[in-house]
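The paragraphs below go through one protein model, strand by strand and contact by contact. Keep the sequence and the structure open while reading.

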Amino acid sequence: MKILTYDQLEDRSDIFLLWAKSFGFHCTSDWIDWWNPQDVRIKDTPIGFCAVEKSKLIGFVGVMHLPTRNKHGETENVGGIWAVATRPALGRRGVGRKLLDAAEDYFRKQGIRLSLLTTSRSIVACNWYASVGYKEIEAVNRYPHFYKFPPHRKGQALA
C-alpha cells in the first residue's frame with residue numbers, strides 16, 4: 001500500500017465514487033479545483049491523503065487547517081480531519097490507521113499540536129476513532145467532536 005497526497009493521484013475519479021458511497025457526498029475534481037483556492041482551511045494543504053494498492057484507490061482522509069484562538073487569544077491552526085473513508089471490502093487491514101498516521105504526521109510537520117474531527121455515533125467509525133486515541137469533547141448539533149494530540153514519533157523532530 002502506498003500513501004499519496006490528493007494532488008499526486010493520477011486518476012481522481014475513484015475518490016468521488018468512494019465519497020458518494022461512504023457519505024452520499026457527490027462532487028467532481030472540477031469542484032475541488034474550484035473549492036481549494038476559495039477555502040482558507042484547505043488552500044495551503046495537500047487536501048488529503050490517499051491509500052493506493054495496485055493502482056487502485058482504497059481509502060482517503062482529508063486534512064484542513066482550522067484557525068482557532070487559543071486561551072491566550074493567539075490564533076493557532078488546529079488540524080481538521082474530514083472524509084475518512086476506506087473501501088468496505090478492505091476493512092480491518094489497517095488502511096484507515098495508515099491514513100490517519102499520514103494526516104497526523106502532516107500536522108506535526110506543520111507545527112499543529114491538535115487535530116479535530118466530527119462524526120456520528122451511528123457509524124462504526126465513532127468507536128474506532130476512540131480506539132486510535134481520539135477523545136470526545138462534546139456533542140454539537142448532535143454530532144460528537146473528538147480531539148487528539150498526535151504523539152511524537154521516535155526519531156522525529158518536534159516542530
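Which residue of β5 does Gly79 stand opposite? The residue is Ser115. This model is predicted, not taken from an experiment. The Gly79 position belongs to the pairing of β4 with strand β5 (residues 115-118), which is parallel and runs over two bridges.

The wider layout gives this pairing its setting. The protein has four helices and seven strands, and along the sequence they follow the order β-α-α-β-β-β-α-β-α-β-β. There are 159 residues, of which 41% count as buried. The accessible surface comes to about 9,600 Å², and carbon and sulfur atoms hold 51% of that surface. Among contacts with a separation of 6 or more, 57% are between residues 24 or more positions apart.

The other partner of β4 to consider is β3. The strands β3 and β4 run antiparallel and are joined by 10 bridges. Between the two strands of this hairpin are five residues, and Gly73 has a positive phi near 80 degrees there. Within the pairing, Phe60 stands opposite Ala85 in β4. As background, side chains in a regular strand alternate between the two faces of the sheet.

Phe60 also takes part in a ring contact. The structure holds seven aromatic pairs. In one of them, the ring centres of Phe60 and Trp82 are 5.6 Å apart and the planes stand at 65 degrees, so the pair is edge-to-face. Phe60 comes from strand β3 (residues 56-69) and Trp82 from strand β4 (residues 75-86), so this pair ties together parts that are 22 residues apart in sequence. Is Phe60 buried or exposed? Phe60 is buried, because its relative accessible area is 0% and the limit for buried is under 20%. Trp82 also counts as buried, at 15% relative accessibility. The two rings belong to an aromatic cluster formed by Trp31, Trp35, Phe60 and Trp82.

Trp82 has further contacts. What does Trp82 touch, leaving aside its neighbours within four places in sequence? Its contacts include Trp19 and Trp35, the aliphatic residues Ile42 and Ile47, and the run Phe60, Val61, Gly62, Val63 and Met64. Trp82 is found in strand β4, and its C-alpha is 8.9 Å from that of Leu116, a residue 34 positions away in sequence.

A separate aromatic pair is formed by Tyr129 and Tyr134. Their rings are 6.3 Å apart, centre to centre, with 70 degrees between the planes, and the pair is edge-to-face. Both tyrosines are buried.

Some aromatic side chains contribute to the surface instead. Phe23, Phe25, Trp31 and Trp34 make a nonpolar surface patch of about 420 Å². Trp31 is thus named both in this patch and in the aromatic cluster. Phe23 lies in helix α1 (residues 13-23). At 42% relative accessibility, Phe23 counts as partly exposed, because partly exposed covers the range between under 20% and over 50%.

The charged side chains come next. The structure holds eight salt bridges. One of them links Arg12 and Asp7, with 3.9 Å from N to O; the cut-off for a salt bridge is within 4 Å. Asp7 is partly exposed, with a relative accessible area of 46%.

Helix α3 provides further salt bridges. The side chains of Asp101 and Arg97 meet at 2.7 Å, N to O. Why can these two side chains be brought together along the helix? Asp101 and Arg97 are four residues apart in helix α3 (residues 95-109), so about one helical turn separates them. Asp101 is partly exposed at 22% relative accessibility, and Arg97 is partly exposed at 23%.

Asp105 and Arg108 form another salt bridge, at 2.2 Å from N to O. These two residues also lie in helix α3, three residues apart, about one turn of the helix. Arg108 is buried, with a relative accessible area of 13%. Salt bridges with shared partners also join Arg97, Asp101 and Glu104 into one network.

Notes: Residues are numbered from 1 along each chain as its sequence is written. Side-chain values use heavy atoms; hydrogens and water are left out. Buried means under 20% relative accessible area, exposed over 50%, partly exposed in between (1.4 Å probe, protein chains only). Rings of Phe, Tyr and Trp (its six-membered ring) pair if their centres lie within 6.5 Å; planes under 30 degrees apart count as stacked, over 60 as edge-to-face and the rest as tilted. Patches are made of residues with over 30% relative accessible area and no salt bridge: like charges are joined within 9 Å, nonpolar side chains (Val, Leu, Ile, Met, Phe, Trp, Tyr) within 5 Å. Accessible areas come from the Shrake-Rupley method with a 1.4 Å probe; for residues, only the protein chains shown count as cover. Contact means heavy atoms within 4.5 Å. Two strands pair if DSSP finds at least two bridges between them.
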